[in-house]
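Visitor: Please pick one part of this model and walk me through it closely, ring by ring if need be. Then tell me what else is worth a look around it.

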Amino acid sequence: MQPTHREAYPEEPARCAVCGGDAHAYGRAWRREKAISESFGPSESLSVQHSRAVCCACVHFAIGKTFHATIVRRGLQVKLWPQASWRSYSHIFSESLGHIIPRREDWRRVLTSPPGGRFMAVMTNTGMKNLVYRGLIAEDGDLFAMLVEDRAVWVNPRLLGDIVLAFEAALADGLRRDDLLSGDYSAASIFKVGRATWQVHEEAIGQFRRQSLHLLRLVHAIAASPAR
Ligand SMILES: [Zn+2]
């Protein structure tokens with residue numbers, strides 16, 4: 001996204017405040033105050049804190065205008081509002097699949113069966129932080145890291161797939177998503193599915209809760225709801 005005359009940083013050598021690269025590497029750099037707001041993540045996440053320039057590549061993911069244009073151009077079924085921007089949604093960038101704004105089923109597919117080539121996945125529920133800049137590049141489909149809000153989570157896709165299946169089986173039998181995550185079932189919800197059925201599912205899920213809580217949290221977000 002090229003800056004207008006008012007947005008452009010002077011034609012002098014500078015490093016990009018965000019990524020630390022040559023600020024003019026992708027066309028004329030932007031003035032920092034025109035490119036990113038003061039609320040742009042914690043200042044520690046800036047590579048060059050004193051720089052007043054931002055490169056065009058970093059600007060692309062910082063401003064709402066490019067996000068809106070991308071959604072409209074590709075005809076994506078994504079809700080837009082005036083302040084919606086890249087940080088408002090989760091993203092997967094994959095060498096083989098391209099860019100995806102994942103729905104639950106996309107997450108489930110990509111994380112349990114990672115695409116070929118490198119990819120980067122950032123998941124947000126709050127939409128408050130610019131996670132794309134801090135995303136972790138996954139190069140190994142057997143074990144990779146992704147960002148969930150501020151936290152790096154290591155994903156073993158096979159184990160994740162096992163937890164997804166156990167979780168979905170419990171959902172299909174009528175147990176509730178939040179209860180499976182917390183282990184905090186009401187007497188009524190146990191009664192509804194029957195004690196024996198509950199016990200089978202809780203034994204399976206309880207083990208994951210004790211040993212793989214990060215993955216269970218992820219599964220809580222991506223497991224498919226039973227068809228109605
Ligand atoms: Zn940059």
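Guide: Here's a walk through the aromatic rings, followed by the metal site and a few wider views.

A bit of housekeeping: this is a predicted model, where local features need pLDDT of at least 70, side-chain atom pairs count only at pLDDT 80 or more, and totals for chains, interfaces and linings use all residues. Residues are numbered from 1 along each chain as its sequence is written, and side-chain values use heavy atoms, with hydrogens and water left out.

For orientation, the protein has nine helices and eight strands; these are DSSP runs numbered from the N terminus, H or I over at least four residues for helices and E over at least two for strands. Its C-alpha trace spans about 70 × 35 × 30 Å along the principal axes. Of the 228 residues, 45% are buried (under 20% relative accessible area; exposed is over 50%, partly exposed in between, with a 1.4 Å probe and protein chains only).

Now the rings. There are seven aromatic pairs in the structure, a pair being Phe, Tyr or Trp rings (the six-membered one for Trp) with centres within 6.5 Å; planes under 30 degrees apart are stacked, over 60 edge-to-face, and the rest tilted. Take Phe61 and Trp86: the centres sit 4.8 Å apart and the planes meet at 75°, so this pair is edge-to-face. Phe61 is in the loop between helix H2 (56-60) and helix H3 (64-74), while Trp86 is in the loop between H3 and strand S3 (91-94), so the two rings tie together parts 25 residues apart in sequence. Trp86 is buried, at 3% relative accessibility.

Compare Phe67 and Tyr89, which are stacked, with 5.7 Å from centre to centre and 25° between the planes. This pair also links distant parts of the chain, with Phe67 in helix H3 and Tyr89 in the loop between H3 and S3, 22 residues apart. Both Phe67 and Tyr89 are buried. Put together, Phe61, Phe67, Trp81, Trp86, Tyr89 and Phe93 make up one aromatic cluster.

H2 brings us to the metal. Cys16, Cys19, Cys55 and Cys58 coordinate the zinc ion through their SG atoms, at 2.3 to 2.4 Å (donors are N, O and S atoms within 2.8 Å of the metal, or 3.2 Å for Na, K and Ca; water isn't among the atoms, so sites may look incomplete). The angles between the four donors run from 104 to 116°, which makes the site tetrahedral; that label needs all angles between 85 and 135 degrees. Along the chain the donors follow C-x2-C-x35-C-x2-C. Cys19, in the segment before strand S1 (30-31), and Cys58, in helix H2, are 39 residues apart, another link between distant parts. Cys58 is buried at 6% relative accessibility, whereas Cys19 is partly exposed at 42%.

Two other spots are worth a glance. Lys34, in helix H1 (residues 32-35), is partly exposed at 36% relative accessibility. Its C-alpha lies 9.4 Å from that of Val59, though the two are 25 residues apart in sequence. Glu12, in the segment before S1, has its C-alpha 47 Å from that of Pro157, with their positions 145 residues apart along the chain.

Note on methods:
Tetrahedral: all angles 85-135°; square planar, octahedral: opposite > 155°, others 65-115°.
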